[in-house]
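Work through the following exercises with the sequence and the structure side by side. Attempt each task before reading its solution.

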Amino acid sequence: MKLLRFGPIGQEKPGVLDAQNRIRDLSGVVADIGGETLSDEGLAKLRALDLESLPLAPDGVRYGACVAGVSKFLCIGLNYADHAAESGLPIPDEPVLFSKFTSAICGPNDDVLKPRGSTKLDWEVELGIVIGKTASYIDEADADAHIAGYCTINDVSERAFQIERGGTWDKGKGCDTFGPIGPWLVTRDEVPDPANLKMWLTINGRTFQDGSTATMIFKPAFIVAYLSQFMTLLPGDVISTGTPPGVGLGQKPPLYLEVGDVMELGIEGLGQQRQVVGQA
């Protein structure tokens with residue numbers, strides 16, 4: 001299934017794509033796409049529905065972030081061997097963990113706002129994992145059973161805030177609108193090999209990222225199991241798993257986003273995003 005949320009900001013309804021890729025309204029069935037809805041039992045209930053009997057959403061409706069009630073938005077840095085190389089950094093021995101603030105979450109086609117004082121606004125297409133079952137101290141072999149599905153994420157970054165302003169990476173990663181998620185959550189049964197998906201990103205029509213999750217250092221199941229050793233992962237938690245090469249920081253010379261630039265990105269089978277850069 002492809003689960004989604006649609007409607008104005010703050011008024012999103014749960015939805016699902018039907019066989020004709022039309023949005024069907026799930027608000028009469030579940031409260032939202034999050035929590036118990038993402039459990040195996042909750043997803044089985046949705047699979048049993050006759051989608052053709054559900055109301056259609058209006059044409060041209062806005063997509064919201066595809067998961068609601070996110071308690072943690074976790075990110076893995078330097079998780080692609082070719083991206084580590086372009087960054088001039090060694091391949092990490094263990095996953096590099098940082099967080100985005102949940103206030104960064106926005107819809108996949110919402111404007112990305114350049115923060116005040118920003119000088120090095122950057123892009124990163126990433127595979128997102130959405131947790132469906134509480135995970136604490138789990139083994140890698142059991143990790144898949146704790147994943148509800150996967151989605152496309154743009155890990156928008158402000159490199160000057162991230163690298164040049166002291167402290168951890170988080171202040172350059174968690175600004176408002178720095179976490180477009182969606183357009184939909186694809187359940188894990190429809191993603192047989194999340195570590196072999198093509199992914200791409202363009203700026204103003206020019207391709208900068210053209211990679212694959214195949215060059216991940218740490219694969220999704222390992223990441224989920226690893227993070228569960230440090231914290232309890234809850235249904236609806238989102239993990240962004242790193243980016244392939246081609247980010248602005250890696251260009252020679254580096255190239256950064258300006259107001260009016262258009263980002264388009266996608267991952268094989270997981271949908272596409274489009275954002276215009278605005279000013280905060």
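**Exercise 1. State which residue of β16 stands opposite Cys75, and describe how β4 pairs with its neighbours.**

Step 1. Cys75 stands opposite Ser240 in β16. The model is predicted, so local features are taken at pLDDT of at least 70 and side-chain atom pairs at pLDDT 80 or more, while totals for chains, interfaces and linings use all residues. Residues are numbered from 1 along each chain as its sequence is written, and side-chain values use heavy atoms, without hydrogens and water.

Step 2. Strand β16 covers residues 238–240, and its pairing with β4 is parallel, over three bridges. Two strands pair if DSSP finds at least two bridges between them. Strands (E, at least two residues) and helices (H or I, at least four) are DSSP runs, numbered from the N terminus.

Step 3. Strand β5, residues 96–100, runs antiparallel to β4 and is joined to it by five bridges. Here Cys75 has Phe98 opposite it.

**Exercise 2. Decide whether the residues of β4 are buried or exposed, and sort them by the way they point.**

Step 1. Buried means under 20% relative accessible area, exposed over 50%, and partly exposed in between, with a 1.4 Å probe and protein chains only.

Step 2. Phe73, Cys75 and Gly77 point one way from the strand, whereas Leu74 and Ile76 point the other way; all are buried.

Step 3. Because five of the five residues of β4 (73–77) are buried, the strand is largely enclosed by the rest of the structure.

**Exercise 3. Determine which residues of helix α1 are buried and how they are placed around its axis.**

Step 1. In α1, residues 40–47, the buried residues are Gly42, Leu43 and Leu46.

Step 2. These residues cover an arc of only 95° around the axis, so they lie on the same side of α1. The arc is that of the directions from the helix axis to the C-beta atoms.

Step 3. A general rule helps here: an α-helix has 3.6 residues a turn, so residues three or four places apart point the same way.

Step 4. The buried residues of α1 pack against β1 (2–6), β10 (147–154) and β13 (185–187), where contact means heavy atoms within 4.5 Å.

**Exercise 4. List the buried residues of helix α4 and name the elements against which they pack.**

Step 1. The buried residues are Pro220, Ala221, Ile223, Val224, Ala225, Tyr226 and Leu227.

Step 2. Seven of the eight residues of α4 (220–227) are thus buried, so the helix is largely enclosed by the rest of the structure.

Step 3. The packing partners of these buried residues are β4, β5, β9 (125–131), β10 and β16.

**Exercise 5. Describe the largest pocket by its volume and its lining.**

Step 1. On a 1 Å grid over the protein atoms alone, a pocket is an open set of points where a 1.4 Å probe fits, with protein on both sides within 12 Å along at least five of seven lines; lining residues have an atom within 4 Å of a point.

Step 2. The largest pocket holds about 200 Å³ of space. A volume is the space filled by probe spheres set on the grid points, which are joined across faces, edges and corners.

Step 3. The lining has 18 residues, and Leu78, His83, Arg159, Gln162 and Trp169 lie nearest the centre. The elements that give two or more residues to this lining are β4 and α3 (159–163). The largest share, three residues, comes from α3.

Step 4. The lining divides into seven nonpolar, six polar and five charged residues. Ala, Val, Leu, Ile, Met, Phe, Trp, Tyr, Cys and Pro count as nonpolar, Asp, Glu, Lys and Arg as charged, and the others, Gly among them, as polar.

**Exercise 6. For Asn21 and Thr177, give phi and decide whether each is buried or exposed.**

Step 1. Asn21 is not a glycine, yet its phi is positive, about 60°. Asn21 belongs to the loop between β2 (13–17) and β3 (23–25), and it counts as exposed because its relative accessibility is 57%.

Step 2. Thr177, also a residue other than glycine, has a positive phi near 75°. Thr177 is placed in the loop between α3 and β12, and it counts as buried because its relative accessibility is 12%.
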